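Dear colleague,

Please find below the structure that I promised to pass on to you, and after it my notes on what turned up.

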Amino acid sequence: AKSEGRNNYQFFTAEMNLRASEQLMLESELRHALKRHEFSLRYQPQISLSQGRVVGLEALVRWEHPERGTISPLDFVPVAEETGLIVELGYQILEQACQDAVKFQHLLGEPVYMAVNISPRQFRDIELVEAIRAILQRTGLNPHQLELEITESTLMEQIDQSLPMMHDLEQLGISLSIDDFGTGYSSLSYLKQLPVHSLKIDRSFIQEIPHDQDDMSIISAVTAMTQKLKIAVVAEGVETREQLDFLADHQCDLIQGYLFSPPVTAQELAERCVQIRQQ
Ligand code: C2E
Ligand code: CA
Ligand code: CA
Ligand code: CA
């Protein structure tokens with residue numbers, strides 16, 4: 001048993017070393033990719049149920065790797081976060097998303113807001129507010145049309161630091177959205193103190209509509225509460241007509257998911273904007 005334990009231990013460390021060296025490789029690849037601007041954005045529409053039109057877009061990053069093709073953010077954002085590279089990457093993303101938001105707006109002839117994901121590390125960057133101010137100036141995007149998506153756990157982990165940051169962003173005219181709502185440990189009583197414009201109900205609660213009664217009860221409780229607090233509710237990951245019908249019946253304001261559209265390239269989106277205008 002003793003030698004077995006030892007073998008396990010050796011196996012374990014070998015695997016850990018492998019993972020560590022993979023991380024290092026990925027880190028140096030990410031640095032190169034940042035210099036070469038290998039990251040691109042996809043945009044997924046958010047549809048307002050009351051207005052029956054696209055009112056917003058969420059920017060979702062992809063790594064266009066020269067050899068490995070398109071890489072999902074799930075495979076590199078965590079390492080970018082751990083190494084701090086997410087800060088620089090995040091600014092590239094913000095700049096691109098704001099530029100594109102101005103373009104889409106011209107194409108559509110109607111205001112649309114752009115929602116950009118902000119990771120915990122980015123949210124703690126003391127230069128965030130100034131950097132965003134500069135990006136808005138350079139791109140000419142109206143601050144009211146920029147929304148930052150921050151996960152529930154990022155906000156709640158350091159609420160003392162989050163609050164002043166949120167107020168500074170609000171002062172700039174930017175909207176804040178709580179991402180992955182329901183997966184963290186936010187106390188609902190905090191919601192009314194936070195300057196948030198919307199919250200996004202996590203896909204895990206949407207997935208099993210109309211089969212999971214618990215999830216459905218949670219959703220109707222959340223929408224009832226947010227209505228009183230004047231916070232908009234976005235349902236993410238809506239894939240079926242049944243899910244849409246349930247959400248519409250329960251005062252959900254905005255819908256995002258494959259049912260309407262997957263995330264698409266700026267080019268595809270621009271083509272769709274032109275089609276919508278011509279209809
Ligand atoms: P998230 O912010 O919760 O984004 C929603 C994810 O759900 C996206 O995955 C989106 O493509 C996917 N999705 C949308 N509709 C549906 C649907 O109907 N069904 C299913 N199954 N999935 C749907 P994606 O693009 O792979 O992004 C994954 C995560 O990576 C994001 O989760 C976010 O945490 C992170 N991420 C993506 N882009 C960025 C970024 O620009 N910056 C940062 N910091 N993180 C990002
Ligand atoms: Ca998001
Ligand atoms: Ca989410
Ligand atoms: Ca359940």
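Asp-180 is partly exposed, with a relative accessible area of 25%, whereas Glu-236 counts as buried at 12% (buried means under 20% relative accessible area, exposed over 50% and partly exposed in between, with a 1.4 Å probe and protein chains only). The model is predicted, so local features need pLDDT of at least 70 and side-chain atom pairs count only at pLDDT 80 or more, while totals for chains, interfaces and linings use all residues. Residues are numbered from 1 along each chain as its sequence is written, chains are lettered from A and ligands numbered from 1 in the order in which they are written, and side-chain values use heavy atoms, with hydrogens and water left out.

The calcium ion (ligand 3) has as its protein donors Asp-180 (OD), Glu-236 (OE) and Glu-236 (OE), which lie 2.0 to 2.9 Å from it; donors are N, O and S atoms within 2.8 Å of the metal (3.2 Å for Na, K and Ca), and sites may look incomplete as water is not among the atoms. From this ion to the calcium ion (ligand 2) the distance is 4.9 Å.

Turning to the rings, there are 4 aromatic pairs in the structure, where rings of Phe, Tyr and Trp (its six-membered ring) pair if their centres lie within 6.5 Å, and planes under 30 degrees apart count as stacked, over 60 as edge-to-face and the rest as tilted. Tyr-43 and Phe-104 have ring centres 5.3 Å apart and planes at 80°, so they are edge-to-face, and both residues are buried.

Best wishes
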